[in-house]
Amino acid sequence: MIKRPRRLRQSKQIRDLIHEVSIDKTDLIYPMFVIDGETEEVVSMPEVYRYSLKDLPNALDKVVKSGVNAVLFFGIPKESDKDEAGSQAYNDNGIVQRAIRLTKELYPDLIVIADICLCEYTSHGHCGVIEGDCVVNDKTLPLLAKAALSCAKAGADIVAPSDMMDGRIGAIRELLDVNGYENTLIMAYSVKYSSSFYGPFRDAADSTPKFGDRKSYQMDFRNKKEAITETQLDIEEGADIIMVKPGMPYLDIAKTVSETFNAPLAIYHVSGEYSMIKAAAQNGWIDEKSVVMESLTAMKRAGAKMLITYYAVNAAEWIGE
Ligand code: PBG
């Protein structure tokens, strides 16, 4: 007798009845760039914008109407405000702090996540303090902690350190707690590989390092065991939510991390992944909507609860259809 797995695929109704994984609007996190300047489209990321504070409310309105419940902010200061120590990252009146306050005034229930890193704010474009050509770990920690505190004070619900310094989760947790921000969550970019898929982001955020690369702090993509070490340390230091980044090329890593740890997992579908889909779609070579939904579903299948994607608003609309 023939075994017939096809019986379970015979109609849409049966397929819908038995399907295992789906995407919920509440899974989606929308990354947004806020700029101390005029709104502009990111050349390498069509339909992604760097928003001025003036235009931010309109953009947020669309996000909220789509049903997306969380945004992840990246601040882009004026070029002339960048310095060696990235001091705009922890200026209470910096661009990201102002964007957070504005967002929370307009939409108190929208979850605001603040990316915590120095690369958008330093004149050299590295994620930490530089001595010679070295990114110095321990001198960077207090600056990251100050940036996190400053964003928490502005109203961020979650801070998300993306720098990959050792010990930053502990340093941030401690400073938040002694200042009375024990309810601010930490979403740790725990497993962040040094990846060429971040190329378009660095255009968007003006954060390309002026010399060298990030290989001495971000992870080597030839390794997988480090993913366990990094996540374990972050959880021990106080991470509430963990992350694997990039997304699609790292589903093996995401699966391992999700099966090893109980903390809710986010996957970051990064800029290069967005731009590849967008470019192919604009050429008519692939169907954008179905490729995006298939990609996001694959990330959930690998074990992600949350999906950080530049397609969040589109995906929410497509889910609603
Ligand atoms: C900042 C940061 C980066 C991304 C998120 N936070 C860039 C980098 O590490 O160079 C990448 C996000 C993306 O590519 O969409 N350190």
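# Salt bridges, helix pairs and backbone outliers

Biologist: Which lysine forms a salt bridge with Glu 288, and what is the distance between the closest N and O atoms?

Modeller: The model is predicted. In it, the salt-bridge partner of Glu 288 is Lys 278. The closest N and O atoms of this pair are apart by 2.7 Å.

Biologist: Which parts of the chain does that pair tie together, and how many residues apart are they in sequence?

Modeller: Glu 288 belongs to helix H10 and Lys 278 to helix H9, so the bridge ties one helix to the other. Along the sequence, the separation of the two parts is ten residues.

Biologist: Is Lys 278 buried or exposed?

Modeller: The cut-off for a buried residue is under 20% relative accessible area. The relative accessibility of Lys 278 is 3%, so this residue counts as buried.

Biologist: How are the axes of H9 and H10 oriented, roughly parallel or roughly antiparallel?

Modeller: Helix H9 covers residues 271-282 and helix H10 residues 288-301, and their axes come within 10 Å. The crossing angle is roughly 155 degrees. Angles over 145 degrees count as roughly antiparallel. H9 and H10 are therefore roughly antiparallel.

Biologist: In which hand does H9 pass H10, left or right?

Modeller: The angle alone leaves the hand of the crossing to be stated. For H9 passing H10, the crossing is right-handed.

Biologist: How is H2 placed relative to H3, oblique or roughly parallel?

Modeller: The axes of helix H2 (residues 56-66) and helix H3 (residues 95-106) come within 11 Å and cross at roughly 50 degrees. Because of that angle, H2 relative to H3 is oblique. The hand has its own answer: H2 passes H3 in a crossing that is right-handed. The orientation asked for is oblique.

Biologist: Which residue of H3 is in a salt bridge with Asp 36, and which parts does the pair tie together?

Modeller: Asp 36 forms a salt bridge with Arg 98, with 3.4 Å between the closest N and O atoms. Asp 36 sits in the loop between S1 and strand S2 (40-42), while Arg 98 sits in helix H3, so parts 62 residues apart in sequence are tied together. Arg 98 counts as partly exposed because its relative accessibility is 29%. The residue is Arg 98, and the parts are the S1-S2 loop and helix H3.

Biologist: How many salt bridges does the structure hold?

Modeller: The pairs named above are among them. The structure's count of salt bridges is 22.

Biologist: How many residues apart in sequence are the parts tied by Lys 300 and Asp 27?

Modeller: These two side chains meet in a salt bridge with an N to O distance of 2.7 Å. Lys 300 lies in helix H10 and Asp 27 in the loop between H1 and strand S1 (28-35), so the parts tied together are apart in sequence by 273 residues.

Biologist: Are Lys 300 and Asp 27 buried or exposed?

Modeller: The relative accessibility of Lys 300 is 17%, so Lys 300 counts as buried. For Asp 27 the value is 1%, so Asp 27 also counts as buried.

Biologist: Which lysine joins Asp 27 and Lys 300 in a network of salt bridges?

Modeller: Asp 27 and Lys 300 belong to a network of salt bridges. The other residue linked in this network is Lys 305.

Biologist: Where is Met 299, and how far apart are the C-alpha atoms of Met 299 and Ser 190?

Modeller: Met 299 is placed in helix H10. At 0% relative accessibility, Met 299 counts as buried. Ser 190 is 109 residues away along the chain, and the C-alpha separation is 17 Å.

Biologist: Which proline follows a cis peptide bond?

Modeller: The bond starts at Lys 245, and its omega is near -5 degrees. The proline is in the loop between strand S10 (241-245) and helix H8 (251-260). The residue is Pro 246.

Biologist: What is the phi of Glu 47, and what is the phi of Met 164?

Modeller: Neither residue is a glycine, yet each has a positive phi. Glu 47 lies in strand S3 (residues 45-51), whereas Met 164 is in the loop between strand S8 (158-161) and helix H5 (168-178). Glu 47 counts as partly exposed because its relative accessibility is 44%, and Met 164 counts as buried because its value is 4%. Phi is about 75 degrees for Glu 47 and for Met 164 about 70 degrees.

Biologist: What is the area of the nonpolar surface patch that includes Leu 8?

Modeller: Leu 8 lies in the segment before helix H1 (12-18) and counts as partly exposed because its relative accessibility is 46%. Leu 8, Leu 17 and Ile 18 make the patch, with an area of about 310 Å².

Definitions and conventions. Residues numbered from 1 in each chain as written. Predicted model: local features only at pLDDT ≥ 70, side-chain atom pairs only at ≥ 80, totals over all residues. Heavy atoms only, no water. Patch = residues over 30% accessible without salt bridge, like charges linked within 9 Å, V, L, I, M, F, W, Y side chains within 5 Å. Areas by Shrake-Rupley, 256 points an atom, 1.4 Å probe, with all protein chains shown as cover. Salt bridge = Lys/Arg side-chain N within 4 Å of Asp/Glu carboxyl O. Helix = DSSP H or I, 4+ residues; strand = E, 2+ residues; numbered from the N terminus. Buried < 20%, exposed > 50% of the residue type's maximum accessible area, 1.4 Å probe, protein only. Axes fitted to C-alpha atoms, helices over the stretch in contact; angles between N-to-C directions. Parallel < 35°, antiparallel > 145°, perpendicular 65-115°, else oblique. Left-handed = near helix turned anticlockwise from the far one by under 90°.
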